[in-house]
Amino acid sequence: MASFPAAAQTDCAEGAGALDSGPLKDITADALIQKFAAAETKLKQLRTQYTYTQDVLVQSMNEKAVDGQFHEVTTVSYDDKGKRLEKVTFAEQSTLRGVQLSAEDMDDIRTFMPLILTTEDVPQYTLTYTGQQHVDDLDTYVFHVEPKKAEKNKRYFQGRIWVDNRDFQIVKVCGKSMPDIIHVKKGQRQDIRPTFVTYRQYVDGNWFPAYTRVDQELHFLTQTAHIRETIRWTGYKRAGTPAVPPKS
C-alpha cells in the first residue's frame, strides 16, 4: 500500500483453537515440510488448469465509515505454457483516501495472498514447526515462515501457515510480504505492506485459495490510514468442464 509520506496488526488466531506445541509423532518436521511442499507443487500446477474470478475490494475508512474504495473484478486463466492471463470484467475509478495501490499491492494479490509454497520455494525460507492446532473443523500443523536471506529487488512472505494434517496442503495463511519501503524524509514515497489472513476452500478435491481479509491501520510518516481489503477467488472451473461449487 503506497502513500506519500505503516505498521500493522491483523488477528491471526481468529477461528483457531489452542496450540499444541508438543513434539511431532511418527514424522519429523523436515519430512513434513517435504511432504506438504510436494503437495503444494502439484496444486500450483493444477491451478493453472482452471479459470476463476478474482474480486478485489479495497476501502479506506474514516473511523467506521467507508470514505473511498477501489473495486476490480478479473477473470483469470492460463495459457498452455502456464502463463497467467487476466481479463478485467469490472473496474471503477478509485476513490481511496490517504493510500493508493502500488505494483507491490497487485503482486501481493496475485502471489502472496494466495500463497502456494512449493518445493522450489521452500529453500528460500526458514520454516519452524510450532505445533498442531484446530482451525475451524480442520486439524493442522503450524509453521512460522521467514526468508533466509533477502535478495535485492526480490519480495518474500513472512508469517505463519497452517497445513491440513490429511491432505498436506496449506489451508490458512497469516502474514505479509516484505520488505517494506521506508523513508524518513517527508514527501518520499513509502510502501508498507499490510498483514493479511487468507483461507482456502476445498474445491474439486484440493484446497484452493478462496478468501483474503485485511482490516488495519497503516501508520505512515505524516498520517495514519485505516484500510479494509477483501479478495475473493471464486467460480473455479477446470478447462472444458462446468464450474465446480465449493464444498460446504
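Here is a quick tour of this protein chain, from its overall layout down to a few individual residues. Keep in mind that the model is a predicted one. The chain has 248 residues, and 45% of them count as buried. Its secondary structure comes to 2 helices and 12 strands.

**Overall layout**
- Starting at the N terminus, the elements come in the order β-α-β-β-β-α-β-β-β-β-β-β-β-β.

**Helix 1**
- Helix 1 covers residues 29-47, which makes 19 residues.
- From its first C-alpha to its last, helix 1 reaches 26 Å, close to the 27 Å expected at 1.5 Å a residue.
- Several of its residues are tucked away: L32, I33, F36, A37, A39, E40, L43, L46 and R47 are the buried residues of helix 1.

**The nonpolar cores**
- The largest nonpolar core is made of 48 residues.
- Helix 1 gives the most to this core, with 6 residues.
- Which residues have the most contacts inside the largest core? They are F36, L127, F143, F157 and I161.
- F36 is worth a closer look: setting aside neighbours within four places in sequence, F36 is in contact with L117, L127, F143, I161, V163 and F168.
- Apart from the largest core lies another core, of 10 residues, and among them are C12, V135, V142 and V197.

**The disulfide**
- The count comes to 1 disulfide, and C12 and C174 are the pair that forms it, with their sulfur atoms 2.0 Å apart.
- The link of C12 and C174 is left-handed, with -70° about the S-S bond.
- C12 lies in the loop between strand 1 (2-3) and helix 1, while C174 is in strand 8 (residues 170-178), so the pair ties together parts that are 162 residues apart in sequence.
- Are these two cysteines buried or exposed? C12 is buried, with a relative accessible area of 13%, and C174 is buried as well, with a relative accessible area of 2%.

**Strands 3 and 4, and E72**
- Strand 3 (residues 65-78) and strand 4 (residues 84-91) run antiparallel, and 7 bridges join them.
- The two strands form a hairpin with 5 residues between them.
- In the turn of that hairpin, G82 has a positive phi of about 85°.
- E72 is found in strand 3, where E72 stands opposite A91 in strand 4.
- E72 counts as buried because its relative accessible area is 16%, which is under the 20% cut-off.
- Not counting neighbours within four places in sequence, E72 is in contact with Q54, D55, V56, V88, F90, A91 and M106.
- One of those partners, Q54, is 18 residues from E72 along the chain, and the C-alpha atoms of E72 and Q54 are separated by 8.2 Å.

**Q59 in strand 2**
- Where does Q59 lie? Q59 is part of strand 2 (residues 50-62).
- Q59 has 16% relative accessibility, so Q59 counts as buried.
- The side chain of Q59 is joined to that of Q69 by a polar contact of 3.1 Å.
- Leaving out residues up to four places away in sequence, Q59 touches V66, G68, Q69, L96, H226, I227 and R228.

Technical notes: Residues are numbered from 1 along each chain as its sequence is written. This is a predicted model: local features need pLDDT of at least 70, side-chain atom pairs count only at pLDDT 80 or more; totals for chains, interfaces and linings use all residues. Side-chain values use heavy atoms; hydrogens and water are left out. Helices (H or I, at least four residues) and strands (E, at least two) are DSSP runs, numbered from the N terminus. The expected span of a helix is 1.5 Å times one less than its number of residues. Buried means under 20% relative accessible area, exposed over 50%, partly exposed in between (1.4 Å probe, protein chains only). A polar contact is a pair of N or O atoms within 3.5 Å; within protein, one must be able to donate a hydrogen and the other to accept it, and residues adjacent in sequence count only if both atoms are side-chain atoms. Contact means heavy atoms within 4.5 Å. A disulfide is a pair of cysteine sulfur atoms within 2.5 Å. Two strands pair if DSSP finds at least two bridges between them. A nonpolar core is a set of buried Ala, Val, Leu, Ile, Met, Phe, Trp, Tyr and Cys residues joined through side-chain atoms within 4.5 Å.
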